[in-house]
Amino acid sequence: MRVAVIGGGPGGLYAAALLKRLDPAREITVWERNAPDDTFGFGVVLSDETLGGIEHADPAVHRALQAEFVRWDAIDVVHRGRTLTSGGHGFAALGRRRLLEILHERCRSLGVELRFRTEAPSAARLAAAYDLVVAADGVHSLTREAHRDSFRTRLTTHRCRYIWLAADFAFDAFRFEIAETEHGVMQLHGYPYAAGASTVIVEMREEVWRSAGLDRCDETESTERCAKIFADALGGRQLRGNSSSWTAFRTVVNERWSHGRTVLLGDAAHTAHFSIGSGTKLAVEDALALAACLDEQPDLPAALAAYEAERRPVVESTQRAARASLEWFENIGAYLGQPPRQFAFNLLTRSRRITHDNLRLRDPGFVAAVERDEGVPPGTPPMFTPFRLRGLTLRNRVVVSPMDMYSSEDGTPGDFHLVHLGARALGGAGLVMTEMVCVSPEGRITPGCAGLYAPGHEAAWRRVTDFVHAQSPGTAIGVQLGHSGRKGSTRLMWEGIDQPLPHGNWPVVAPSPLPYRPGVNQVPHVLDAAGLAGIREEFAQSARRAARAGFDLLELHCAHGYLLSSFLSPLTNQRTDAYGGDLAARLRYPLEVFDTVRSVWPDDRPMTVRISATDWADGGTTADEAVEIARAFTAHGADAIDVSSGQVVPDERPEYGRSYQTPYADRIRNTLGVPVIAVGAISSWDDVNSLLLAGRADLCALARPHLYDPHWTLHAAAEQDYTGPGAPWPLPYRAGSRKPPAGRTDAPKPRLSLGSGAQR
């Protein structure tokens with residue numbers, strides 16, 4: 001096999017060395033347009049996991065790296081002059097130039113041909129002469145751009161500018177320092193990479209960078225300005241560059257990583273923001289996987305497919321974490337008002353890779369201090385602290401999220417709802433929410449949707465609320481009121497979600513005559529003044545019935561493309577009257593409905609609003625608009641904003657992942673200072689504790705975990721050895737409040753080790 005490698009960075013070099021080591025008969029050539037000692041940046045951080053893979057694959061490289069590493073385990077966060085230190089993390093770094101030297105030496109010793117100061121021929125030309133072309137030519141990959149349509153590349157440029165610099169001394173910890181300047185917030189990321197050297201990255205929002213005049217500075221001026229801004233962190237020392245310039249980070253995503261005989265590797269295939277230190281790590285791990293797959297698979301197509309299948313889930317998870325970290329730093333100004341320890345905890349857990357429980361294992365003293373500062377009682381997980389909304393005090397922060405059950409008859413909830421909601425109430429959550437309860441027969445999504453539009457509905461719901469209040473004292477139950485709008489008159493979910501009924505369809509309404517799926521769903525009737533007034537009154541009547549039925553909280557459903565949501569989104573509201581146009585006009589009708597409901601809902605009972613914070617579609621609601629939507633509802637009396645996303649248009653492209661919607665709740669809470677309910681793939685009690693203690697949410701709503709386990713909250717308490725008032729077990733269940741033993745634990749433990757020379 002003849003292999004051409006485009007790019008002599010760590011990923012390309014390590015791939016070349018591994019491929020040659022696995023099969024010395026391979027002819028491998030690396031093209032690098034720069035000189036051997038040219039490099040971008042200064043230090044490289046590698047994880048123990050990555051080092052373990054290197055050790056297994058190439059002990060010689062591992063030994064050489066081990067001799068060079070600088071190690072440390074502390075992170076310092078400097079917040080308004082106060083340094084908060086967290087230990088137990090474990091880092092290993094070395095100079096990027098030294099890493100390249102080690103890989104150059106290894107490649108030469110194995111017989112890899114290295115061509116420096118040489119532009120590689122195009123990938124197409126190389127593919128005609130070589131069996132495999134490895135494109136490791138970085139974030140600005142010419143190979144990727146030449147075949148962009150084949151790789152289906154997406155590039156996203158982000159809001160901050162940053163510059164890579166170095167200092168001639170070693171920090172004694174990974175250091176994050178914040179400078180609040182007259183121009184805005186700037187931050188320093190610093191870490192040691194040699195006995196007398198540290199990498200220093202200075203980052204700030206684009207508008208701050210321009211306001212400070214740094215866009216007009218050359219390398220020398222930028223270096224001097226940054227050294228002055230962060231003089232305290234540097235101890236008055238100077239900074240130095242290395243052909244350093246200000247740049248904006250770009251996230252690279254490719255839907256395919258190979259094209260014919262050409263395969264992408266490292267930053268050419270994907271990028272992850274430097275704040276989680278993963279660029280070189282991912283490239284090296286790509287090289288390990290590619291070499292292994294070529295060794296294991298019967299032919300090149302199978303090997304490239306296996307390589308992508310193995311690496312893509314890891315990369316996507318890392319990119320989600322990197323995106324969360326990147327956006328946290330983009331919006332760092334919103335967090336500066338937090339107490340110092342909470343700010344540090346928030347920073348440390350920003351990517352969701354480090355969590356409350358994980359950090360408690362690394363540095364229990366630090367986590368205990370954060371909890372103490374935030375008023376969390378000793379021995380109490382944050383999720384089991386109470387929270388007050390108007391006249392309602394919830395005993396913990398867990399919410400059973402609204403979930404449509406499609407199990408009502410003519411809008412009437414029956415035994416299923418009594419068992420379903422009753423079981424979740426017995427399961428320990430502080431607040432149990434109904435599904436979307438519809439305000440009219442025409443406002444249902446399906447024939448199986450629940451309602452509060454007929455006298456019999458009120459009595460049926462009263463049966464449920466009475467059970468919850470009597471059998472699970474301290475658990476609150478809330479109702480979510482909504483109208484399906486253009487997404488109504490469809491089949492039960494398991495019979496064909498969003499598909500029209502085979503017969504018996506009812507007319508649907510919307511702000512504009514836009515069907516949910518053109519050619520599939522019916523064209524909605526456009527609501528006129530009389531129609532708007534009639535639906536407002538239906539909401540009011542349903543709210544009165546909900547109050548008499550004994551609900552403790554009411555949520556207005558303004559999300560997921562249903563009627564009120566479709567007024568908010570510019571993708572679904574194309575009106576030219578007072579109810580369409582700019583955001584203020586699109587808010588008008590949902591706010592009118594809110595005001596009407598609030599006027600009839602008891603004053604001492606809270607009212608929340610669920611919104612879609614993004615439509616996940618071009619031209620739809622943006623995160624900035626979501627903040628303004630939340631601001632408007634809060635000004636009208638909403639006690640909390642329940643922050644969901646999407647489901648507004650069928651061609652959405654959600655970025656799914658763990659806790660993927662929580663950054664929107666975080667932003668609303670920390671921009672406006674209003675209570676928020678976070679929702680969206682929150683699945684573990686550790687995530688709940690992390691979100692709450694970091695100040696990103698006030699309540700956490702979980703849906704599918706409560707379908708999997710109705711007693712999710714009680715089990716979370718048992719797993720954390722919590723037995724306090726935030727999660728009391730119902731008396732009939734108390735005997736089961738400890739996790740059953742899994743098997744025998746009485747096997748004798750080894751006590752003595754007798755060597756061959758031991759006396760008997």
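Here are a few worked exercises on the predicted model shown above.

Before you start: local features need pLDDT of at least 70 and side-chain atom pairs count only at pLDDT 80 or more, while totals for chains, interfaces and linings use all residues. Residues are numbered from 1 along each chain as its sequence is written, and side-chain values use heavy atoms, with hydrogens and water left out.

**Exercise 1. Work out the strand order of the open sheet and find which strands sit at its edges.**

Step 1: get the elements. Helices (H or I, at least four residues) and strands (E, at least two) are DSSP runs, numbered from the N terminus. Two strands pair if DSSP finds at least two bridges between them.

Step 2: chain the pairs together. You get 6 strands in the order β8-β2-β1-β9-β17-β16, with mixed pairing.

Step 3: look for strands that pair on one side only. Those are β8 (113–116) and β16 (258–259).

Step 4: add the helix. Helix α1 (residues 10–22) packs on this sheet and touches β1, β2 (27–32) and β8; contact here means heavy atoms within 4.5 Å. The direction of α1 makes about 170° with that of β2, where axes are lines fitted to C-alpha atoms (for helices, over the stretch in contact) and angles run from 0 to 180 degrees between N-to-C directions.

Step 5: zoom in on one pair. Strands β1 (residues 2–6) and β9 (residues 132–135) run parallel and are joined by 4 bridges; Ile6 has Ala135 as its bridge partner in β9.

**Exercise 2. Describe the neighbours of strand β13 and say how covered β13 is.**

Step 1: check burial. Buried means under 20% relative accessible area, exposed over 50%, and partly exposed in between (1.4 Å probe, protein chains only). For β13 (residues 197–205), 9 of its 9 residues are buried.

Step 2: take the β10 side. Strand β10 (residues 153–167) runs antiparallel to β13, with 8 bridges between them. One bridge partner pair is Ala166 and Thr199.

Step 3: take the β12 side. Strand β12 (residues 184–194) is also antiparallel to β13, over 8 bridges, and Gln187 stands opposite Glu203. A hairpin through 2 residues connects β12 to β13.

**Exercise 3. Find the strand order in the barrel and inspect one of its pairs.**

Step 1: follow the pairing round. The barrel closes with 8 strands, β20-β21-β22-β25-β26-β27-β28-β29, in parallel pairing. Ignoring direction, neighbouring strands are turned by 25° against each other on average.

Step 2: pick β28 (residues 676–679) and β29 (residues 699–702), which pair in the parallel sense over 3 bridges. The bridge partner of Ala678 in β29 is Cys700.

**Exercise 4. Explain what the Asp58 and Arg106 salt bridge ties together, then contrast its sequence spacing with that of Glu308 and Arg312.**

Step 1: set the cut-off. A salt bridge is a side-chain nitrogen of Lys or Arg within 4 Å of a carboxyl oxygen of Asp or Glu. The whole structure has 48 of them.

Step 2: in the Asp58 and Arg106 pair, the closest N and O atoms are 3.0 Å apart. Asp58 lies in the loop between α2 (48–57) and α3 (59–66) and Arg106 in helix α4 (residues 96–110), so the bridge ties together parts 48 residues apart in sequence. Asp58 is buried at 0% relative accessible area, and Arg106 is buried at 17%.

Step 3: now Glu308 and Arg312, with 2.6 Å from N to O. Both lie in helix α12 (residues 300–330), 4 residues apart, about one turn of the helix. Glu308 and Arg312 are both buried.
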